[in-house]
Amino acid sequence: MVKAIEELGIPAVHVCTIVPISETVGANRILPAVAIPNPTGNPNLSQHDEFMLRKNLMIKALDSLKSIIEEQTVF
Amino acid sequence: MKKLKFAHYINQFYGQIGGEDKGDQPPVVHEKAVGPGSGLEKLFGEEGEIIATVICGDTYFAENPEKAAEEITDILKKYDFDCFIAGPAFNAGRYGMACGAICRAVQERLGAPAVASMYTENPGAEIYAKDIYVLETGKSAAAMKDALPAIAEFALKLARGVEIGFPEDEGYIPQGRRVNVFADKTGAVRGVDMLLSKLKGESFTTELPMPVFDRVTPAPAVKNLARAKIALVTSGGVVPRGNPDRIEAANATKYGKYSIEGIDDLVTDEYITVHGGYDPVYVLEDPDRVLPVDVMRLLEKEGVIGKLFEYFYSTVGNTTAVSSAKRFGEEIGRDLLANGVDGAILTST
């Protein structure tokens with residue numbers, strides 16, 4: 001889906017755990033997620049720490065969207 | 001043995017009527033072999049003969065395929081034949097489409113076995129290979145001398161009612177059929193044999209070819225994040241309670257578009273996941289763990305992004321077909337474009 005969106009000129013980042021799959025399928029902007037059942041969360045952390053973790057992850061995701069890239073990049 | 005009877009379809013060029021200028025030739029029939037059909041007849045020898053050749057212009061067919069197919073099957077109805085052959089169309093797209101469509105119509109309306117022949121990448125091949133036999137040929141007419149013997153052999157088999165074997169043995173494009181076979185060695189033994197060959201640097205034949213994925217040019221980066229409209233998309237199956245669009249737990253056939261206008265945080269029970277392929281316990285406690293609305297709303301308030309798009313899109317990635325995902329992505333992408341979205345974050349589980 002990321003590729004289809006990208007093909008229309010909208011930068012898209014794939015936040016996922018199994019990076020090699022995303023690479024093989026061909027996403028250009030890939031951001032490793034926390035874990036399969038909780039890509040943007042971590043139930044082992046306190047609520048506050050988890051929120052900060054999620055915030056930092058999304059900041060990285062936004063960074064990837066504003067990064068100029070020529071080829072597939074894992075952020 | 002009685003001579004087997006064949007009917008043949010070719011386009012205006014191979015029918016020696018003319019080139020592109022004669023593309024609008026309506027269907028005509030000759031009660032003999034014409035063009036490449038003569039070559040086929042020689043290969044049939046005593047075993048077969050072509051009793052009717054239908055010639056039709058590629059443009060005539062392409063402009064009204066259903067009507068043309070009906071006209072042609074009406075013509076063929078008057079003849080008694082054992083097998084129908086179309087082509088070889090090589091890489092000619094309209095010709096290949098016509099061959100496929102007519103073969104299918106002959107099978108359906110006249111109940112006769114049919115075989116088309118064309119290059120694998122001919123659009124007619126992809127569209128019709130599942131319904132009819134499409135024999136693979138080379139790309140251009142230069143491959144005619146190899147194509148004809150293969151067609152003749154296959155057509156004779158079809159006409160005789162001989163059971164047709166596997167695609168790789170008979171030369172037709174795989175139809176996606178699964179057939180149970182007995183193997184001499186168990187899968188475990190075959191798998192280890194393959195691994196040993198691979199380790200030794202020897203060649204081996206895979207039993208399951210891996211798909212090849214295309215690449216897209218990276219889209220230009222977001223220039224001004226503080227002014228940008230960012231959208232969230234997920235394949236993790238996060239949907240409003242009740243799954244109003246009935247998105248499937250696996251092999252999804254659809255995606256949903258849901259409003260998050262005025263929502264600062266995805267709350268337990270208001271949102272659930274319907275994805276059947278991962279442990280839902282954590283996302284059910286807090287749906288932001290898969291679709292991070294809370295943080296994105298904060299970043300919007302802090303001015304890091306201009307706006308969080310008021311809708312999110314969700315589907316289930318669990319064994320969902322690549323072709324379906326592609327279609328969802330295209331539709332979602334078009335919607336994002338129409339709504340002036342500058343960037344997308346897609347989360348997967």
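The legends below describe close-up views of a predicted model with chains A and B. Local features are given where pLDDT is at least 70 and side-chain atom pairs at pLDDT 80 or more, while totals for chains, interfaces and linings use all residues. Residues are numbered from 1 along each chain as its sequence is written, with chains lettered from A in the order in which they are written.

**View 1. Chain A has three helices and three strands.** Helices (H or I, at least four residues) and strands (E, at least two) are DSSP runs, numbered from the N terminus. Along chain A the elements follow the order α-β-α-β-α-β. Chain A has 75 residues, of which 45% are buried; a buried residue has 20 or more other C-beta atoms within 10 Å of its own, with C-beta atoms placed from the backbone.

**View 2. Chain B touches chain A through 47 residues, which meet 40 residues of chain A.** Contact here is defined by C-beta atoms, placed from the backbone, that lie within 7 Å. On the chain B side, two or more residues come from each of α9 (281-285), α10 (293-301), α11 (322-338) and β12 (343-347). The largest share, ten residues, belongs to α11(B).

**View 3. Strand β1 (residues 12-16) of chain A pairs with β12(B).** The two strands run parallel and are joined over four bridges; pairing requires at least two bridges found by DSSP. V15(A) has T347(B) as its bridge partner in β12(B).

**View 4. Six strands of chain B form an open sheet of mixed pairing.** Their order is β2-β3-β1-β4-β5-β6. β2 (28-30) and β6 (133-137) of chain B are at the edges with a single partner strand each, so one side of each has no neighbour in the sheet. β2(B) and β3 (residues 48-56) of chain B are antiparallel and share three bridges. In β3(B), V54(B) is the bridge partner of V29(B).

**View 5. Helices α1 (residues 36-44) and α3 (residues 65-77) of chain B lie across strands of chain B.** α1(B) crosses β1 (4-11), β3 and β4 (83-86) of chain B, at about 165° to β3(B). α3(B) lies across β1, β2 and β3 of chain B, at about 145° to β3(B). Axes are lines fitted to C-alpha atoms, for helices over the stretch in contact, and angles run from 0 to 180 degrees between N-to-C directions.

**View 6. Helix α4 (residues 93-110) of chain B has 18 residues.** From first to last C-alpha it reaches 25 Å, close to the expected 26 Å, where the expected span is 1.5 Å times one less than the number of residues. Buried residues of α4(B) include R94(B), C99(B), I102(B) and C103(B). After α4(B) comes G111(B), with a positive phi near 65°.

**View 7. Helix α8 (residues 187-199) of chain B has 13 residues.** Its end C-alpha atoms are 18 Å apart, in agreement with the expected 18 Å. The number of buried residues in α8(B) is zero, so the helix lies largely in the open. G201(B), just after α8(B), has a positive phi of about 75°.

**View 8. H275(B) sits in the loop between β10 (271-273) and α9 of chain B.** H275(B) is buried because 29 other C-beta atoms lie within 10 Å. Leaving aside neighbours within four places in sequence, its contacts include G236(B), V316(B) and T349(B). S235(B) is 40 residues away along the chain, with a C-alpha separation of 8.3 Å from H275(B).

Conventions. A residue is buried if 20 or more other C-beta atoms lie within 10 Å of its own, exposed if 12 or fewer, and partly exposed in between; C-beta atoms are placed from the backbone. Two residues are in contact if their C-beta atoms, placed from the backbone, lie within 7 Å.
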